Amino acid sequence: MSGTPPGAEPAAPGGDDGPPAPSGPGPGSTAPSGSGSTAPSGPGLGATAPSGSGSGATAPSGSGLGATAPSSPGPGPGSGDAPAASPAAPVAPAAPADDRRRLRMPYVSLSGAWGALVLACLSFTPSLLPRGGILQGVVSGILAAIGYGLGVVTAWIWRAFADRGPRPVTGRSRRTFLVVAVVLFGVSYGLGQYGQHRIRGLLGVTEYHLFPWILSPLVALLLFALVLAAARGIRWVYRRVAAWLRRWIGARAARAVGGILVAVAGVLLFSGLLVDGVVAAANQAFSLRDGETDEGVRQPTSALRSGGPGSYVAWDSLGRNGRTFAAGGPTAAEITAFTGRAAREPVRAYAGLDTADETESRAARAVADLRRAGGFERRNLLVVTTTGSGWVDPAAVDGFEYLTGGDAASVALQYSYLPSWMSYLVDQSKAREAGRELFDAVYESWSRLPADARPRLYVAGESLGSFGGETAFSGEYDLRNRTAGTLFAGPPHFNTLFRRFSDHREPGSPEIEPVYRGGRTVRFATDASAGIPPPDTPWEGSRVLYLLHASDPIVWWGPHLIYDEPDWIGEAPGDDVLESMVWVPFVTFWQVTADLPFATDVPDGHGHTYRAEYVDGWNAVLRPADVTAEDLTRLREIMARR
């Protein structure tokens, strides 16, 4: 009789998916001695396994859904009592041809299956943004694979403490699991649909597609199978490496060294080949797109814009988003129509990646072009750190130009070809360098001007741009002393100053709208039009304002979500987040991760869209004396149409 049950892979400690079994006999095991000998099973706990055709042997049986264990003993004495030789031992009949051709069911650990079921069901709980059916399937599949691994490891640890091997799975256990799985998954699926409906209502999202949701369980199952197969492939490699090392070193050392070698090789392969290769390919693809020009964008005919007549920066070197920035914005006539007074045409300077090779050189070229266009002679000067591919939210600069009556200049530079969400993950150092180099170059020229001839200096950035913009400053006093005001929108969770201000907020103030040192310089708002807390405290001198939404995954995402419950979930939720959202280890991290690519695919005022809120944000920072509430309403409407 074979030592492996039909339909099961050889069992490791805790089942097939546990850590690998030791190669030598463990405590309580006996070396094989003929047909009735015992062999090590699992972590050397004395479990017996058949060796040859000896009678009375017991086959190993892991706690798996696909494993079966023979229970009828053969004739003769029990294992370990047989004589050294048994010439008259009966020969087992050959298996029928149909049995030999029968496909083996893949082994599935029952404890792992329970873990997979629990996390897959929890994956349907609500997060920050609405999820489509395919995306839900991806999240469920990943979490099911994680749950499977946690279940297998948990069972192995339990058996190690209980000092016993795996027990056979009964048919009743399998049937119980299948019934519970169908019921629990169905209920979770239905509740998940209801939760998604409520989120769409909070955010004003009307789009919904049923067919992808029908496919989501199949997507989850397929992804789960792929991840499980990949994990077993890694385990297979580990076992082969350990077996090869046992030729020269002991079994325990071989397992330890083999595990280290496979882990290191996996990290190097993932980071050096997969990640770097994907980033390089994406960079190449998006560099080609950077050479395009958006429809409707024309080279400026004004000398006040980079790429225009007399500019130190060539139009073709600005990049796709740089050309849009330089050619865009309100005209003097449009600003005049809004303010009712004669307005000036704003100055805009920009340097693209093709303008110069080094960040410092690009910053110097942008500042030189700003000076040429008369930017330092305007009353208001804005330094903007871009996101990813050099994009600047038009509302961030347009609102600034409208509220200053056109007496404004702005400057920005590109530091990457990658889109914002990819730069967010791999280009943080470039954003830091760009923000620091650009502000330092502007500040050097600005500080050389006579004190009474200097423009008021402002800083702005959205998303990764806020991260880069922060790096030019050491803290609250530095922001207040070197700028006239700052407006950051959608700051990522890893922003240094944002985290410092938020983590040291006053007791009782929520994380989604913290109060830092009485709001004397730095303040936060989830809806600036509704008020900026604390409302009854003076806000003198330079103002620093962070705009953030409770439903913005870019603000709240971080690896800490895997193991730590954030304050913003435990506290009262924001207006556009369900009160039923809870933190679950592993689950919340993957849910918010899945929200990231779609953070801007929601209506304005939610997620990572801050278009209209720039109006009230700039109004709070600039404090224009002659702008009324009606003017702000009209300007919001203008921003919504742009």
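These legends describe close-up views of a predicted model.

**Figure 1. The whole chain, as context for the close-ups.**
The predicted chain holds 20 helices and seven strands. Of its 642 residues, 48% count as buried. Contacts with a separation of 6 or more are 71% made by residues 24 or more positions apart. The accessible surface comes to about 29600 Å². Carbon and sulfur atoms own 61% of that surface.

**Figure 2. A nonpolar patch on the surface.**
W244, W248, I249, V257 and L261 make up this patch. Together they offer about 510 Å² of accessible area. W244 belongs to helix α5, residues 210-245. Its relative accessibility is 46%, so W244 counts as partly exposed.

**Figure 3. Helix α19 and its surroundings.**
Helix α19 spans residues 613-622. Nine of its ten residues are buried, so the helix is largely enclosed by the rest of the structure. The buried set is E613, Y614, V615, D616, G617, W618, A620, V621 and L622. These residues pack against strands β2, β4, β5 (485-489) and β7. They also pack against helices α10 and α20 (629-641). Just after α19 comes R623, with a positive phi of about 55 degrees.

**Figure 4. The largest cavity.**
The model has four cavities of 30 Å³ or more. The largest has a volume of about 80 Å³. Its lining consists of 13 residues. V384, A396, G461, E462 and Y614 lie nearest the centre. Two elements give two or more residues to this lining: β2 (380-385) and β4 (456-462). Strand β4 gives the most, with three residues. Y614, from the central group, is also one of the buried residues of α19.

**Figure 5. The second largest pocket.**
This pocket encloses about 1000 Å³ of space. It is lined by 37 residues. Closest to its centre are N321, W391, V392, D393 and P394. Four helices give two or more residues to the lining: α6 (251-290), α7 (320-327), α10 (394-403) and α11 (420-426).

**Figure 6. F439 and its contacts.**
F439 sits in helix α12, residues 428-447. Its relative accessible area is 2%, so F439 is buried. Which residues does F439 contact, leaving aside neighbours within four places in sequence? They are V383, L457, V459, A472, F473, R482 and T483. V383 falls in β2 (380-385), while L457 and V459 fall in β4 (456-462). A363 is 76 residues from F439 in sequence. The two C-alpha atoms are 8.5 Å apart in space.

**Figure 7. Helix α15 and the E511-R499 salt bridge.**
Helix α15 covers residues 496-503. L497, F498, R499, F501 and S502 are its buried residues. Their cover includes helices α13 (464-470), α14 (476-482) and α16 (553-556). Strands β6 (522-525) and β7 (543-547) also contribute to it. The side chain of R499 meets that of E511 in a salt bridge, 3.2 Å from N to O. E511 lies in the loop between α15 and β6, twelve residues from R499. Are these two partners buried or exposed? Both E511 and R499 are buried.

**Figure 8. The D294-R320 salt bridge.**
A search of the whole structure finds 18 salt bridges. One of them joins the side chains of D294 and R320 at 2.8 Å, N to O. D294 lies in the loop between α6 and α7, and R320 lies in helix α7. The pair links parts of the chain 26 residues apart. D294 is partly exposed, with a relative accessible area of 25%. R320 has 18% relative accessibility and counts as buried. The cut-off for buried is under 20%, so R320 falls below it.

**Figure 9. The R344-D407 salt bridge.**
The side chains of R344 and D407 meet at 3.4 Å, N to O. R344 is in the loop between α8 (332-339) and β1 (347-351). D407 is in the loop between α10 and β3 (408-413). The two residues are 63 residues apart. At a relative accessible area of 43%, R344 is partly exposed.

Note on methods. Residues numbered from 1 in each chain as written. Predicted model: local features only at pLDDT ≥ 70, side-chain atom pairs only at ≥ 80, totals over all residues. Heavy atoms only, no water. Patch = residues over 30% accessible without salt bridge, like charges linked within 9 Å, V, L, I, M, F, W, Y side chains within 5 Å. Areas by Shrake-Rupley, 256 points an atom, 1.4 Å probe, with all protein chains shown as cover. Salt bridge = Lys/Arg side-chain N within 4 Å of Asp/Glu carboxyl O. Buried < 20%, exposed > 50% of the residue type's maximum accessible area, 1.4 Å probe, protein only. Contact = heavy atoms within 4.5 Å. 1 Å grid on protein atoms, 1.4 Å probe; cavity = no way out; pocket = protein on both sides within 12 Å on 5 of 7 lines; lining within 4 Å. Points joined across faces, edges and corners; volume = space filled by probe spheres on them.
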